[in-house]
Every structure is written in C-alpha cells, then in structure tokens.
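Hi everyone, thanks for coming. I'll take a few minutes to walk you through a structure that will be new to most of you, so let's put it on the screen.

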Amino acid sequence: MLIAVVLLTLLALVFGVVLGFAAEKFKVEGNPIVDQIEALLPQTQCGQCGYPGCRPYAEAIANGEKINRCPPGGSATMEKLADLMGVEPEPLTATAETQVRKVAFIREEECIGCTKCIQACPVDAIVGAGKLMHTVLASACTGCDLCVEPCPVDCIEMLPVKQDLRTWDWQLNAIPVKTL
Amino acid sequence: MAFKIASSPHINRQLQTSTVMQRVLLCAMPALVVQCAFFGWGTLIQVILAMTVAMCAEALIMQLRQRPVIHTISDNSALLTAFLLGVAIPPLAPWWLILIGTAFAIVIVKQLYGGLGQNLFNPAMAAYVLLLIAFPVQMTSWVAPITAAQHSVSFLDTLHIIFSSSQIAVADTYRLGIDGTTMATPLDTLKTDLHSGITTADSLQKLIFNGWAGKGWFWVNLTYLAGGLMMLRLKLIRWHISAGVLGALFICSAVAWAWEPLTHVSPLMQLFSGATMVGAFFIATDPVTAATSNRGRLLFGAIIGVLVYLIRSFGGYPDAFAFAVLLANISAPLIDYYIKPRTYGHLRG
Amino acid sequence: MSLTASTEHTVLWPLTGGIHPPEMKLLSNTTPIQRLLPANEYFLPLPQVGETAVLAIKQGQRVLKGQPLTRGISAMYLAVHAPTSGTIAAIEPRPSNHPSALPVLTCVLQSDGLDEAVSFTAASEPLSHEQILQRIRDAGIAGMGGAMFPSHIKLNPASKIKRLIINGVECEPYITADDRLMREYASDILNGVALMQQLLQPETTTIAIEDNKPEAAQAMRQALAASTLPQCSIQVIPTKYPSGGEKQLIQILTGQEVPSGAIPAHLGIVVQNVGTAFAIQQAVYQGVPLLERVITVTGSNIEKPGNYWVSVGTPIRHILEQTGFKATPDSKVIVGGPMMGYTLSTVDVPVLKGSNCLLLPQAQELADAPQERSCIRCGECAQVCPVSLLPQQLYWHAKAAEYDKAENFHLQDCIECGCCSYVCPSDIPLVQYYRVAKAAIRKTREEKLHAEHAKMRFEARSLRMEQEKLEREAKAREAAEKRKSAMSGNEKDAVAAALARVKAKQAAQGAVEESPAPTTADSKATIAAAVSGIKAQNQETSGSNVTNQEDKKAAIAAAIARAKAKKIAATPTLTETLTASAPAQAADKKAKVAAAIASAKAKRTQAADTPNTEAQLSAPNATDKQAMIAAAVAKAKARKAAVENTSAEVDNAAVTVEASSAPTTLTESTTDAAQKARIAAAVAKAKAKKASSATATEAPEKTTAASTIAAAAKQHTEGNMPETVNTDGDTHASVSLSDDKKARVVAAVAKAKQKARERAREQENN
C-alpha cells in the first residue's frame, strides 16, 4: 500500500518535471496555425470576410470561424484551408465570379480629387492629392473593391486584368479564329 | 480562310496505342499456334471466348461511363488482356471460368480503376489469381501435351468439354476414357516429386518431361521468347523488364542448382517452364502496371524474377508468375518514387 | 597563323534521348537565298525585345530605312528600326506574331517605295571593345535562333568565357535558313565569329553543324581554311533532334550540363547562332542594323519553297502571297519548325528577328493528331526526353492541376522540344499540358509575390495610421495647453487658435479616415486657416455653380442624380474631407485674419441659420435657375447674419470664450452633425459674400485667393498621404480650372454635401 502510494507520487513527480521541462524547452511562440492560415489567404486585405484584414480573419479561422468567407481567394483557397484545418470544404459565401483578378481603375476625367478612395485603400495603391486626379497603381492593387463604394462620383470601376504576351496562359482554344 | 490552331509539335510518329497492341498480339500469335499444336484446340477456343467477353465487357462499361465506346475498345488493349488470360488458363477449363475471369479483369481490375492506364494491377494476372484461388480444381488440371497423351482430342470434343453444362461429369468421362489427358503441369509434378523425396533427375524421367524440361512447354516458351525478341526489335517493349525477370530468375536458380543439383530445378528448366517467357515478355512488360524509368524497370523485373523463383521453390503454387507480377505491381509506385532519372542540369534525380 | 584551324574534335558526347523525325530539308535547301518584292506595309511591334522604350517618332512622320523608331536606356533594350523609307501610318495595337496573337503596340510603316536609307557608317579603323558592343546594340541584334535574347548582353558576360560555340545545327525538320546562309555567306559568318572572339576571348571556338548538311560544313571548312581565326574548328555532329538546343549542344560538345536555372556562361560557354554571327558582322563592319533575315518558307502548300531575305516587320501575308501560298480550308500557318513552331490565327502579323521558318503544310503532310487517348505509361516519352524528365508523371500532375508536384518532377527544366508528344502512342499533346502548367505555376508564383507585397503595404499603412493617430492626439494635447496659456493674450490669433482647437478635437473624434498631422510650427494659424479652407472651398465651388454654362447643366444634373441614387443605395461612411491643391505656404497674417473672421462668422451663421441653409441645400435642383434662386435666398440670409456679426469680428474676447466653449455653448455637442451643419452654413454665407461684391457671374478672385492660401495651409495641417502630389505655387489653380472640371467639382460637392447632410439629420434625429 505504502509502496504503491510512494511509487505513484514519484511517478507523478517525474512526469510533472518532464512536462514542465518540455513546456519550457519546446515553447511555441505565437500560434503557428494562424501563420499557416495567413500564408494561404490572398492578402487582399479587403475585409469582405467581415474582419479588418487577412491576419484577423486567419486568427478567426484558427478560433473556429468558417473557412468560406474569402471571396478573393476563391474556392482554391477555401479548399486549401479545408485541407489545413481538417474540415469539410464548403461553398463560398460570395459567388465565384471574383475568380478573375481585377484591379481598380479610376476614370480620370471624372475624378474630382476627393481622396476618399485613397483613405479607403488598405494597401496604399491609390495616389493623388486633394482636388487633383487620383490614379491606381495597378501593380499594387489587390482588387479588394473597397475604394469603389466611397467614391462620391462613382468614377472607380473594377477592370479584369488583361492578359499580355508574358502572362498568356496557353489556352489555345481561347484564341478567336478569324474567318477571313 | 481560317487557319487551324494547334499545339506543337505538329508531327507525330504515327504509332498509335492500337497499333502497338495489335503488333504485340501478332508477336504472340506464333506461340498460340505452338500451344494449340501441343495442347489441342482448347487454348484457341479459350482465347476467342476471352476476347469476345472482353470486348463486350469493355463496351458495356464504356456505355455505362458514358465514354466513346468505339474509340476506347479500338485501342486493342482489352484484346491483349483477354489473350493473356486465355493462354494462361487450362485449355479444357469450363466456359464460365474464362467468362468470370475476363469480366473480372476488364470490369473490376481495369475499368473500376479508371480504364486503360489507370489500373494498379495487371488485369490478366489479377483475374488469373482470382480464378486460381476460387476454382483451384479447374485451374490446376492441365491437358497433357499431345505427344504425351494417347489420344488427341478433336475440335468438336474440345468444344463439347468446354461448353458442357455438367462439365465435371463430362470431363470425368473423358478423363476416364482418355487416360492422361489432363494432369498436373510439369512444374507441379516436379514439385510434388521433390516433396516426396524423388530427385530432380529421377523426376525428369517421367513421361511429361523431355529429359530436362516439360514436353511441349519448352517449345511454347521458345516461341514466346522469339515473339519477345521480335517485340524488342520493333521497339514495342524495352529490354529492361524482361532482362530483369529472366536475369533474376536465372541467377537465383543457378545459385541454388549449383549448390544442390539433386533437389533443385536447373536454371534452364526454370527459364523454359511454365509461364516464364510469356510472363517475361508479354505480361510483366505491361507498361501500365510497371515502373516508369529504365532503372526502375530493371528493378521491377528483378523483383518478379526473384519472387517467381521463391514461390516456385518454396511456395504452395507450382507456377508463380501471376503472384509475382501482382506483388511487383504493388511496389511499382514505390519504385517510381525512389528511382527517378537525373534531370539535365540537376545533380540528383 | 591558322595552325590550329580546322582541327576537329573527335570526342562527342551522346545526346540524351532525342528523335529522328523525317527531315524534309530538301524541299527548301536546293535553291539559293532569294529576295521578295518589297511589301507596301510593315508592322513593327514596339518594342520587340526588352521593355521600357519610348517612341522616337510620331504618327505621320517620314522615316528612313535604318532609322531607329524607339529610344531606351535599359540594359535589355533593343531599338526597332524602320526596314524601309516611308511614313508612319499608325501606331496602334495589332495582332502579334505569337501563338496567342494578342494585340501589341505596333508601328505601321507605309512604304514610299524609295527605300531611302540613313547613311550607314562603315567601320574605318579597328574598333574597341565598347565600340563593337555599342554597334551591336545600336543595330538591335537579338539571337536569331528564335529566343531573341539581346546579343550585346550575351557577348558581354561577367565571367571568363572559355569556349565559344557557333550553332549551325538547325536540327528542326524543314528549316534550312542557316544551312543556306552557311553555304552562301561562310566567310561573312566567320568575320562575325572573329568579332565574337575579340569580345569574348575564348580559348576555343567550335562551329557545330549537323551531318545532314555536308555542303554547309564544306563551305564553312573552306572559309575557315582561308581565314585567320585562332583556335577555331568545325564540328560535324550526328543528326538527331533536338541537338540544336543550346543546352543539348553544350552537352554534345562538352559533356557538361548547364545547371538548372543557370545560363551557359556559368560553365564559361557562350552559344551563338550563325545567323547572329552574320548580323553582327554586318552591324560592326558596315554599320547596318538588323533589318532583314533569312527565312525558310516551305511546306507543300507553297509553290515556291525556299529561303528568302525578308525585312523584319514584313507582314507574313505578303510573304505568303509572294511565294504562292495555296490556301486550303483548315490549312495551318506555322512559324518555326514542325516540332517547336506555333500556329498563327492570322497572317497579318510581322516577321520578327527570331522567325526562321514559315511552314505551310498540307493537311495530309502533317496530319492533325488524332483524338487524345489514355496514357498507357509506355514510357517512350521518358526514353526520348533530352533532359531526362518523366513526361508521363508530369502529364498526370499537369492534367490534375497538381502543379507543385509537377514542379517536383522538374517541370521547369522542360525545353518544350516536343519529343515526348512526337512518340506518344496515345497522341497526348504533352507539351501543351506542360505549357499550361508552366503558365499556371508562373501565375501562382506572381500571385504569391503580389500577396506578400500587399501584406507589406497593408502593414506599413496600418503602422503609419497608428503613428498619425498618436501624433494627432499629442498635437491636440499641446494645442490645449497653448490655448490655456494664450487665454490671457489679446491677439487676433487667439480666436483662430481656439477655433482650430475645436476643429482639431472634432477631427480627432469624428474623422474615420481623416489624417491631420500638423507639421508647421505655427500650427495655430494653420489650423485656423484650414477651417476656413473648407469653407472657402465650398464657397468657391458654389460660386462656380453660379457661373455655370448651359452645357454643364446636364452633367451636374446627372452627377446629382447619381449621387442621390447612391445615397439611397448606400449608407455614408466617410466624413467630409476636402484637401487643397495649392502648395503649402507660410500663411501670412492677412490670410490668417481673413480665415479667423470667416470662421467666426460661420459659427454665428450656423447658430442662426442652420435650418434655413439646410432647407436650401437639401434641394440640390437639377436646373441652374432653381439653384440660383436658392443661392439668392441663402445669400440674403447670410448677409443678415454678417451684419449681425460685425461686432463679433472686433469683440475678440467674446468670440474666444464662445469658441473655446463651443462644444457645449454653441451646438451642445462636438458630433459630426454640428460640423456638417457649420460647413453647410459657411457655404451659404460665402455665396452671399460673393453676391454682395457683385461678382456672382465671375470667378471670385479675391475670395478664392484668400481661400486657396488657407486651403493650402489646411493641406499642410491634414498631413496628406505620402503620395500626395503638389502642384507649383499657383494660388489660382483651382480658379483657373477648366469649366468642365468645375462642373464636375460642383456636382461632386453637391453630392458630398447631401451625403453629409443626411447623416447630420440622422444624427439629429437620434
């Protein structure tokens, strides 16, 4: 009886020490799953998921938020998230229409220079000054849509990115065959 | 005018899958003739039966999968599978045996995995193993070579035996009437003898052997070897798998035979018995279920060769080709994973 | 001198894989290189090789043969030259000579038939290293084997070059352009090789020719024997496709492999095409830019197959017409050879510097590949792959869009030679799968980069916003302290300062995205100016509203309608923010006074007139007339207010007290609603002022002068985004805007106002 008690106590002690040591030694900084999720998100910072940016949404997913809230990422991102989180893929909340990469375009002759879009842009992709025409840096634009709403004169539109010779995807069937 | 858009290259060797399969079948034809000459019409009937069933099964499945039927069955791959199964089962086996086997090969082993190119196992061998396990009696009673039998069985008699409703009864009458028509294969005989303490040399004196190999079997294997060499020449197959099989089998049996000739089968007999040659050139070389790279194929062949030797010598079945091929099929993806050719400009593969 | 010339290496390494397609070279290599009639039109894509170039010509301008059409400074830049004399008919997007035929910016040169050339300066004395490179660059010479890589870069490597290989292999079936060039211009090619040797100083030079071109090899041998090239040899290699690939040729000649992702220069090897050697010789010795090249026009759909000198930029349609193209339904036009060439969907595309062949096969000659069948894993593709890939594994992964796995099988090392597709018994267009996969991989990679970039920008922005917020708070605190100390002071500035503080507080509380960060020392005055800036802006725009022309009404009406529609559809989320365009200046005293007065007035007016002003402004009418009536009403009211407030202008102390306690005494709150209302009031008042000075129909210069200065100061205060662009110090910038612009501004302001007002009302209701 005594032996058993002593033994169990000793065992508990030993394991306690081991666990404590392990907790110190192999301490995990931050939450690695959040980083992994964030790496999968498209970093548009568009907020369409309802969170202010991609990082907050990644944190929310890690805490059990649904994985289908990211329209810019499309179903590909959703599937990767499902894979990572070990949950069933679900259809996107938004329609998959946003699959084509789009960038904002300011119709410059209509722009009044109100700077509202500049303030709305989460990635500082719009340049311009008050009462002067603004323009979008197409290379930095994430196509998040956030600048469209604030524009008082509706001069911002989302244009699909055109293919050029360098980015052509070799879809031979897509070439229009002209009948001469 | 409209100009046609196409992807490069714009020329093709014009050697289609169907042609390849057709040529392989042609290379195997002489062996079929020799087999019929030694074992009667049974083999031919089985082959034709198998081919018919295979085409029907493939067409049916294609219909069900809503794929182009003609386009698929015209690739001749089902014919080749049927041929290999047809020559592998006993010539006087009942008709339903080949029917079950072929249907299983095409429907389960091939099409359920996604059709040509997708199957993990060699369809003919998988079907053979199924039959061997499910119907051991029918699958192990081989016809004796005609030279060994007193009577040859006519074409009509053969048909009668195969399609008779009470097959076993009829076969028994024939078996009773024509002594020695069906018996164990030479490898089987030899194995039984070795187990009962008879030396190889003594066993080889039996009627079924011609002195150092099974009667008829030797010639059948020789024709398959010729057919295989023809395929190599036509570049229908590459040498790696066949060389692996034959090399490994030869080396294993040679070592054992050199160590104790009395209780071991000679390497030559190993090479010219049973399904060795048809297996090495026509079965193991099925590219779908084999490894991909050259070195991988050599290893793949060697695995088959070693397994054949091991099962023949120590296993429960006298001929082991089907098992060996299936086991090697399982390992093919693993081989492909580890043996990759070194790409140009890379230090390792 | 030529002790070592024409020594042949006997050691050759075998090519991995490879195939022997039917050569079909006799079709075109039996006749000498001919010339075609010049075309009427030339298409010159801008720029062909290398990006970042500017046009040096204008539409309608006459250019001479050899005149560069573009200027550029980047290292990769190559000039585009006019192939003949004529006028630039158009500069517009035209279909490109590319499998996609996507339009690219193209100069259309209308030939005048004179073929007048600029004077080419032949090299008189021996040229220096740099001079040669400059000449090569100016001549626009790009690799003529097809890759079109600028030659001056390849010939100016960073590392030591041990071996120069001249590629005369031409392994693709049908193509004989290099074959004929070597037969007819062997010594010229060797002159080019000599120049390359001078530039690269290689230990050995090898000219590689396939053994199916014995005449070319013989011609080159003879020329070599007659020349003085050091350490140069002709190497005949066995015919096998694709021996002519740069990496494959290096493997055959040296046994070395170019490491994946590296260039041959890493091994101390440079490979140049014979055509390039010829062009370099012309450029350096004669000063002639790369204007024309030899192109093989062949195939059984052509009446006169052969090799032709063709100007770069010649429409392919012209070549086909000249050589007797027999168009049949479903005929193919292939640029390049049958193994790697691509089909054109239109023949109205130009010949490029790298176009070496036009292949016009008959339907039965190069039969279309039958329908793709299942892969039977026969492994023939792996047997013939010259880079030892496992094409069938790549195929599985590419087909399943598992591009990461395809990358593990070294998809990026695929040279797209087409051997695998050639031997495939199931007629699988493997190369096409790989191209699509490669494009997808490239896209994914770029997207990833883009996402990383976006993340960085987002984080930088968040950081900045945080900092600005802190700064703003600090400023507000500082201002509050100053105000306390300034309470005893009796300067006019104090009024402004007080107002500014109120404003700053409100801004800090109410602004959603506003980012004011005063940077000047004289913050009090500038903040005050900013306050009046908003008003002045409204005032000015209102003024221009009155001066509107008839034709702008429609635009305004439309804008207002749009704004209304938008209002209904969406909820306003942003505070009103108006920034100025004039540069920041030190606000002078007068301006400050004016600003202070204005703001004080605004306070009063707002207190008195808010309901009325709102009534007037909440009806932004579509017609000018109505607007004017409304303005007049407001004016009258505002004038009254102004009269009432005359005393307020002098009574500093009172205003100061009032202003400093503004949040409570005036409007009872510091909400946005109050701010909005004040601004609206200010607008009305400003209109009134204008009316009183009888400048209602003209641009109110005086008032706007003050206001722009104020606005400028305000801009300063607001601490604009880093990207903010300042125009130079024209204080009348906003006044001198075009009428058109004004109209839009008015419309926008009207919209913005309404947005603000509605919100104000909402909050009042709350």
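Let's begin where chain B meets chain C: across that interface there are 3 salt bridges. Keep in mind as we go that this is a predicted model. One of the bridges we can look at by name runs from Arg238(B) to Glu380(C), and the closest N and O atoms there are 2.8 Å apart.

So how many residues does each chain bring to this contact? Chain B puts in 43 residues, and chain C puts in 65 residues. Together they bury about 4,700 Å² between them, with carbon and sulfur atoms giving 51% of that area. If you want names on the chain B side, look for Phe3(B), His10(B) and Tyr344(B): they lose the most area to chain C, and together they make up 19% of what that side buries.

Okay, on to the rings. Searching the whole structure over all chains turns up 14 aromatic pairs. Take Phe278(C) and Trp309(C): the ring centres are 5.7 Å apart and the planes sit at 35°, so we call this pair tilted, since that angle falls between the 30 and 60 degree cut-offs. What I like here is where the two partners come from. Phe278(C) is in helix α7 of chain C, residues 274-286, while Trp309(C) is in strand β13 of chain C, residues 306-311. That's 31 residues apart, so to speak a link between distant parts of the chain. And are they buried or exposed? Both Phe278(C) and Trp309(C) are buried.

There's another tilted pair in chain C, Tyr395(C) with Trp396(C), at 5.3 Å centre to centre and 50° between the planes. Tyr395(C) has 2% relative accessibility, so it counts as buried, the cut-off being under 20%. Over in chain B, Phe218(B), Trp219(B) and Phe272(B) form one aromatic cluster.

Some rings also have a charge over them. Lys340(B) lies over the face of Tyr337(B), 5.6 Å from the ring centre. Another case crosses between chains: the charged end of Arg435(C) sits over the ring of Trp170(A), 4.3 Å from its centre.

Last stop, helix α2 of chain B, residues 42-64. With 23 residues at 1.5 Å a residue, this helix should span 33 Å, and its end C-alpha atoms are indeed 33 Å apart, so the two agree. After α2(B) comes Gln66(B), which has a positive phi, near 55°.

That's my tour, thanks for listening!

Definitions and conventions:
Residues numbered from 1 in each chain as written. Chains lettered and ligands numbered in written order. Predicted model: local features only at pLDDT ≥ 70, side-chain atom pairs only at ≥ 80, totals over all residues. Heavy atoms only, no water. Phe/Tyr/Trp six-rings, centres within 6.5 Å; stacked < 30°, edge-to-face > 60°. Helix = DSSP H or I, 4+ residues; strand = E, 2+ residues; numbered from the N terminus. Buried < 20%, exposed > 50% of the residue type's maximum accessible area, 1.4 Å probe, protein only. Lys NZ or Arg CZ within 6 Å of the ring centre and 35° of its normal. Expected span 1.5 Å × (residues − 1). Contact = heavy atoms within 4.5 Å. Buried area = accessible area lost by both parts, 1.4 Å probe. Salt bridge = Lys/Arg side-chain N within 4 Å of Asp/Glu carboxyl O.
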